[in-house]
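Me: Please take a close look at a single part of the structure shown below. I should then like one connected account of how that part relates to the rest of the chain.

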Amino acid sequence: MSLTRTARTRKFSVAGIAVAGAAAAALTVVPSPAHAAEPAQAPAAAPHAAAGDKKYPENLDGWIRESLDIMKSKGIPGSYEGLHRNIMRESAGDPNAQNGWDVNAQNGTPSKGLLQVIQPTFDAYHVAGTPNNLTDPVANITAAANYAADKYGSIDNVDSAY
């Protein structure tokens, strides 16, 4: 084997180990798209009327728009597209989605809601002005965006489990 081929093989082996390690770490935190969260039996969220009593539809579009208004007022970066993309990957837009299979669930702290947040993360990143309720759609989105801003700069920078 030539020196160039050996160096190239070594480079790909190290890169492969790093990628595999990062993927394994990510999979222990959040479910993959192949293991979508299962719907939970929970009551529908109460209507929202935040951000200066502006009315928002009680649906995914309204929850995202209300969250964006709150995020803007609090200086939390993010876009409609970034929120929608991550919501669809994490819960398919189901505000009652709950993960019952990953390591968090096995440890008694299942991921819940539109952006599959665990209770300790919600508690740490809850945004004032939203309900203090992990499964409230607006509170879930806004707390998750606040977390993503702290860890990744913005929810827009999240393209996989986070």
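Reply: **A close look at isoleucine 76**

Isoleucine 76 lies in the loop between H2 and H3. Helices (H or I, at least four residues) and strands (E, at least two) are DSSP runs, numbered from the N terminus. The model is a predicted one, in which local features need a pLDDT of at least 70 and side-chain atom pairs count only at pLDDT 80 or more, whereas totals for chains, interfaces and linings use all residues. Residues are numbered from 1 along each chain as its sequence is written, and side-chain values use heavy atoms, with hydrogens and water left out.

Is isoleucine 76 buried or exposed? Its relative accessible area is 10%, so isoleucine 76 counts as buried. The term buried means under 20% relative accessible area, exposed means over 50%, and partly exposed covers what is in between (1.4 Å probe, protein chains only).

Which residues does isoleucine 76 touch? A contact means heavy atoms within 4.5 Å. With neighbours within four places in sequence left aside, isoleucine 76 is in contact with Met71, Val127, Ala145, Asn146 and Ala149. For Asn146 there is also a backbone distance: the C-alpha atoms of isoleucine 76 and asparagine 146 are separated by 6.1 Å, although the two residues are 70 apart along the chain.

Ala145, one of the contacts of isoleucine 76, is also among the contacts of leucine 83. Leaving aside neighbours within four places in sequence, leucine 83 touches Ile64, Leu68, Met71, Leu115, Ile141, Ala145 and Ile155. Leucine 83 in turn leads to the largest nonpolar core. A nonpolar core is a set of buried Ala, Val, Leu, Ile, Met, Phe, Trp, Tyr and Cys residues joined through side-chain atoms within 4.5 Å. The largest core has 27 residues, and those that touch the most other members are Ile64, Leu83, Ile87, Leu115 and Ile141. At least two residues of this core come from each of H2, H3, H5 and H6. H6 supplies the largest share, 8 residues.

Helix H6 also takes part in an aromatic pair. Rings of Phe, Tyr and Trp (its six-membered ring) pair if their centres lie within 6.5 Å; planes under 30 degrees apart count as stacked, over 60 as edge-to-face and the rest as tilted. The structure holds 1 such pair. The ring centres of tyrosine 125 and tyrosine 147 are 5.3 Å apart and their planes stand at 85 degrees, so the pair is edge-to-face. Because tyrosine 125 lies in helix H5 (residues 119-125) and tyrosine 147 in helix H6 (residues 137-152), the pair ties together parts that are 22 residues apart in sequence. Both tyrosine 125 and tyrosine 147 are buried.

Charged side chains form further links. Side chains of opposite charge can pair when their charged atoms come close. A salt bridge is a side-chain nitrogen of Lys or Arg within 4 Å of a carboxyl oxygen of Asp or Glu. The whole structure has 6 salt bridges.

One of them joins aspartate 69 to lysine 54 (3.3 Å, N to O). Aspartate 69 belongs to helix H2 (residues 60-74) and lysine 54 to the loop between strand E1 (38-39) and H2, so this salt bridge ties together parts that are 15 residues apart in sequence. Aspartate 69 is partly exposed at 27% relative accessibility, and lysine 54 is partly exposed at 44%.

Another salt bridge joins aspartate 159 to arginine 85 (2.7 Å, N to O). Since aspartate 159 lies in the segment after H6 and arginine 85 in helix H3 (residues 80-91), the pair ties together parts that are 74 residues apart in sequence. Aspartate 159 is exposed, at 58% relative accessible area, whereas arginine 85 is partly exposed, at 24%. Arg85 and Asp159 are linked with Glu81 in a network of salt bridges.

Finally, some values describe the protein as a whole. The secondary structure comprises 6 helices and 2 strands, which follow the pattern α-β-α-α-β-α-α-α along the sequence. Of the 162 residues, 38% are buried. Confidence is given by pLDDT, the predictor's confidence in each residue, from 0 to 100. The average pLDDT is 79, and 68% of the residues score at least 70. Over residues 1-46 the pLDDT is below 50, and this stretch has 42 contacts in the model beyond near neighbours in sequence.
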